[in-house]
Structures are given as C-alpha cells and as structure tokens.
Amino acid sequence: MRKIGVLVLCIILLLLTISCSNNSNDITTEAGSKDEKQEITILITGYDFLDMEYDCCAIRGYTERFEIETGVRVNFDVINGNKSDDYDKKMNAKLYLEEGPTLIYISGDSSYKNYIEQGIAVNTEGKIPNLIRIYDSLLDDGHYFVPVGMSHYPVQLNRCAFDKLEIDDPKLDWTREEYLKIKEKWLKIEPEYFSQYEYDELFTFMIDDLEILDESNKGVSLNNSRVIQYINDVREEIFSGKYIINKDYTFKNYYNMIFEGGSKESKESKNLFRRYNNENLRKKCWTNGLKSLEISKYINAKDDIFLPNTIYEKNDLLRTYGFIVNKNGKNIDLGMEFLNGLLSDEIQLEMFKSKWGDLYPVNKEIENEIERIEKEINDKIVKEKKEGVKHYVRKDINKKAIALRKYILSQVKTGNYKHCSNSKIINEVKKMIHKDFAKFIFADEPYTEEELGRELQKLENKYNMWLNE
C-alpha cells in the first residue's frame with residue numbers, strides 16, 4: 001500500500017508540472033539552452049551612453065535592428081562616476097566576473113590600450129568576417145580593438161578674416177607652423193578675447209614640443225631651461241596685447257575661467273567666445289570632416305575654409321569609435337556577430353548617408369558607393385536647375401568638401417592619421433600639468449627663474465613619485 005501511495009503522489013506531481021509548463025508566462029529554460037543565451041551586454045560609461053544617443057546614433061540604432069533581426073537582446077551596463085579613478089574601479093569590477101559584459105564600448109577620445117595590457121581584450125582576427133573590409137591602418141594593434149566608425153574634426157577658418165589678411169587659402173597638406181604664422185598676422189590686425197580654448201592650445205603645443213614625458217622609464221622632466229623659457233613665453237604671449245583680457249583678473253579669476261565650468265568667469269568667457277565666433281580667425285567646428293554631405297552646408301553658406309586639423313598634430317588627427325571583446329564576457333560569439341553586422345556594407349553606408357550622427361564608415365569596400373552618392377546628388381541638382389527648379393539654399397555637395405574627405409581618407413590609408421590612444425598614465429600626467437602650470441602662467445606677480453626652478457622641481461618630484469607608486 002505504501003508503494004501505491006508513493007506512485008499516486010508521483011503521478012499527481014507530474015501532472016502539476018505539465019500543467020504549469022503549459023503556461024507561457026511561466027516557461028523557464030534549461031541551463032545552457034538556446035533561449036537563455038540570446039543576450040549580450042555592452043559596458044559603457046554614462047557620458048559615452050549619452051553621446052551614443054546623438055553623435056554616435058548609428059551604433060545605437062543598430063542595436064535595435066540587431067535585436068529585431070536576430071532575437072538577441074542587447075543590454076547596456078551604464079557606469080556612472082565622479083572622477084576617472086571612480087570610473088576605472090567600477091568598470092574593472094565588471095571585467096573579471098565569470099560571465100561579465102560581452103563588449104566594452106570605446107569612444108573617440110578614450111584609450112583601449114589598458115584592456116589589451118590587462119589581458120582582457122580578445123584578439124578577433126579571423127573571428128569577425130567583415131574585419132577584412134576595414135582600412136588596414138585601423139587594425140595595427142593585433143585586432144584587439146574593433147573600430148566601427150571614425151571622425152576627424154577639421155579646422156574651420158573664417159573667410160571674412162582671410163579677406164582682411166589678403167592671403168591665399170592654405171593647401172590641404174598645411175602644417176601647424178603655417179597656422180601659427182597666419183594666427184600671428186591676424187592677431188596684429190584683430191585682437192581676440194582670451195579663452196580657455198587659447199590656453200588649451202598653447203598648453204598642448206608645450207607638452208608636445210618639450211617632450212617632458214618619458215613613459216617607458218616612468219619619468220617626467222620639468223626643472224630645465226626649456227620648460228622655464230616656455231612658461232615665460234606663454235605668459236608673455238597671453239599678456240602681450242594680442243588678446244583682449246579683463247585687466248582686473250587675478251590668478252583665481254583665470255583659474256575659474258579655465259577649470260571651473262560653472263563659475264561666473266567661465267560662463268562669461270564662453271558667452272564671449274560664442275558671440276564673436278563668427279568674427280574670429282578660427283571658428284569652433286564639431287562636424288566630422290569626412291562627412292562631405294554635412295561639411296558642404298557650411299562651405300556653401302559662407303565659403304569658410306575647412307582644413308585637416310594638423311594643429312595638434314598626433315593628438316587629434318583621428319578618433320575611432322568601437323569595441324573591445326571581453327575575454328570573460330558572456331556570449332562573446334554573439335558579441336562578435338553584433339560587430340560583424342555593424343561592419344557590413346549596408347550598415348556602414350547608412351552611417352555615411354544619415355544626416356544624424358557624426359560617424360564616418362571604417363569599411364573600405366564602400367568608397368565607390370560613397371562617391372556615387374555624392375555625384376548622384378550633384379547630378380540631380382544640375383538637372384533640376386535646367387528644369388527651372390529654384391534652390392534658395394545651395395544643396396550640392398561642394399567640391400572642396402569632397403576634396404577634404406578624400407584627403408583625410410588618404411592619410412588614414414597610409415597610417416599618417418591614427419587614433420591617439422595614449423595610456424592612462426600619460427593622460428593623467430597631462431591633466432595634472434595642465435592645471436599646475438596655470439599658477440605660473442597667470443601668477444599675479446611673475447616668478448623669477450630661481451623661483452620657477454624650485455616650484456618645477458617640487459612638481460617633478462611629485463609626478464615621478466606618483467608614476468612609480
């Protein structure tokens with residue numbers, strides 16, 4: 001009887017199990033089944049996620065398409081923080097989980113070297129079929145970083161300013177030295193308001209010219225005659241009369257203007273910059289120079305001069321946007337399938353054609369199609385004009401914009417324009433110098449050479465100690 005009772009109980013439990021499994025809302029898959037695996041996760045910082053909604057919307061839009069076409073869910077693990085160290089700690093904590101995020105998003109001004117050095121990045125060579133369609137020079141790190149889009153923000157020079165200068169337009173292969181000569185000549189005619197952008201420019205030149213960082217030996221050299229001379233030269237340049245400055249400003253005011261974004265001084269400076277942007281020699285340009293459809297609008301409107309941004313040399317020649325495949329990630333095969341789709345001819349061409357977003361394709365196989373689109377638009381406008389259609393705004397693809405795109409692309413192909421992927425150490429030291437040198441340059445009373453030497457030696461010791469911790 002006991003055995004019969006046990007048998008009846010088993011039958012009842014079996015029937016209850018079958019009954020529950022027929023409810024579609026309560027279906028649970030077995031571990032390792034196909035349905036459970038259909039998701040990937042992208043690790044991304046909060047500010048990059050916001051940027052993806054606008055400038056990099058081609059990537060964001062593809063995630064939705066990928067979900068619809070494959071049934072694979074794309075999750076975003078968004079990391080927020082206060083400082084770079086805070087972000088790094090939170091990001092790293094995710095990367096050593098047994099089934100961590102599948103992909104790590106790398107924005108245009110981020111470094112991916114640390115992921116390679118830590119052994120986190122997967123070498124994707126031979127694992128993503130469409131990688132062979134990428135420009136060769138973008139894959140010179142062993143296929144650990146997978147670029148999906150790129151940008152080059154050109155220099156926009158004011159046509160009205162050039163008319164006053166009465167000089168020829170620079171050629172596409174111009175140099176930083178040419179820019180500095182033009183700027184020197186312009187400031188003698190039209191002094192401009194001094195802003196944080198001017199300080200950033202002068203500072204960047206100093207870091208590059210003086211070669212004060214030696215990353216391989218973890219050393220910084222500051223207390224020397226070249227650095228002292230440069231600090232004095234920059235101070236003299238700022239207060240020479242070439243720039244319009246507030247004569248009542250103290251060091252504290254200048255510090256607020258450059259480093260404290262919410263300060264009264266910063267807001268005032270930015271307002272002045274925006275107000276006089278159309279009168280300055282150089283205008284602020286945030287349109288990708290490779291996007292000829294967009295650049296044409298600016299050239300057609302005011303005939304401004306657009307040139308490759310060689311002013312900062314290797315620091316800002318090319319920004320590449322893409323992903324690292326996480327060695328410890330969940331479903332990395334699906335992650336690579338996602339990347340393969342992003343690199344397809346169709347999706348990459350949409351990236352170029354879309355008036356939304358700021359990325360240019362990294363797929364070399366669609367160059368002829370891009371040229372066809374440019375020609376097709378121009379042929380259409382020529383035909384409409386012959387038919388009497390009036391265009392109150394020029395809508396053709398400007399020849400200068402096409403020439404700029406082709407020149408930048410030629411430099412990418414040869415490897416002259418590359419993503420500046422400085423290590424975290426270099427970037428952190430640059431940030432520290434950027435701030436610390438301001439007290440010398442904007443001091444209420446200029447430092448003597450002896451005083452500068454002592455202060456620079458203190459900073460040199462501080463940086464070298466930090467580098468070797």
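In this predicted model, helix α15, spanning residues 367-386, packs against helix α16, spanning residues 399-414, with axes that come within 12 Å and cross at roughly 170 degrees. Because of that crossing angle, α15 is roughly antiparallel to α16; angles over 145 degrees count as such. The contact is formed on the α15 side by Glu367, Ile370, Glu371 and Glu374, which meet Ile402, Arg405, Lys406, Leu409 and Lys413 of α16. By class, six charged and three nonpolar residues take part in this contact, with no polar ones.

The nonpolar interior may be considered next. The largest nonpolar core has 59 residues, and within this core Ile59, Tyr105, Met150, Phe323 and Phe338 touch the most other members. Helix α16 supplies the largest share of the core, six residues. Apart from this core lies another one of 49 residues, which includes Leu157, Phe205, Ile441 and Leu456.

The surroundings of Phe323 can be followed residue by residue. Beyond its neighbours within four places in sequence, Phe323 is in contact with Ile42, Ile59, Leu103, Ile104, Tyr105, Tyr144, Phe145, Val146, Val148, Phe338, Leu339 and Leu342. Among these partners, Ile59, Tyr105 and Phe338 are also listed with Phe323 as the core residues that touch the most other members.

Phe338 leads in turn to Thr63, a residue of helix α3, which covers residues 57-70. With neighbours within four places in sequence set aside, Thr63 is in contact with Phe338 as well as with Val74 and Phe76. Thr63 has a relative accessible area of 2% and is therefore buried, the limit for that term being under 20%.

Definitions and conventions:
Residues are numbered from 1 along each chain as its sequence is written. This is a predicted model: local features need pLDDT of at least 70, side-chain atom pairs count only at pLDDT 80 or more; totals for chains, interfaces and linings use all residues. Side-chain values use heavy atoms; hydrogens and water are left out. Axes are lines fitted to C-alpha atoms, for helices over the stretch in contact, and angles run from 0 to 180 degrees between N-to-C directions. Helices (H or I, at least four residues) and strands (E, at least two) are DSSP runs, numbered from the N terminus. Angles under 35 degrees count as roughly parallel, over 145 as roughly antiparallel, 65 to 115 as roughly perpendicular and the rest as oblique. Contact means heavy atoms within 4.5 Å. Ala, Val, Leu, Ile, Met, Phe, Trp, Tyr, Cys and Pro count as nonpolar, Asp, Glu, Lys and Arg as charged, and the others, Gly among them, as polar. A nonpolar core is a set of buried Ala, Val, Leu, Ile, Met, Phe, Trp, Tyr and Cys residues joined through side-chain atoms within 4.5 Å. Buried means under 20% relative accessible area, exposed over 50%, partly exposed in between (1.4 Å probe, protein chains only).
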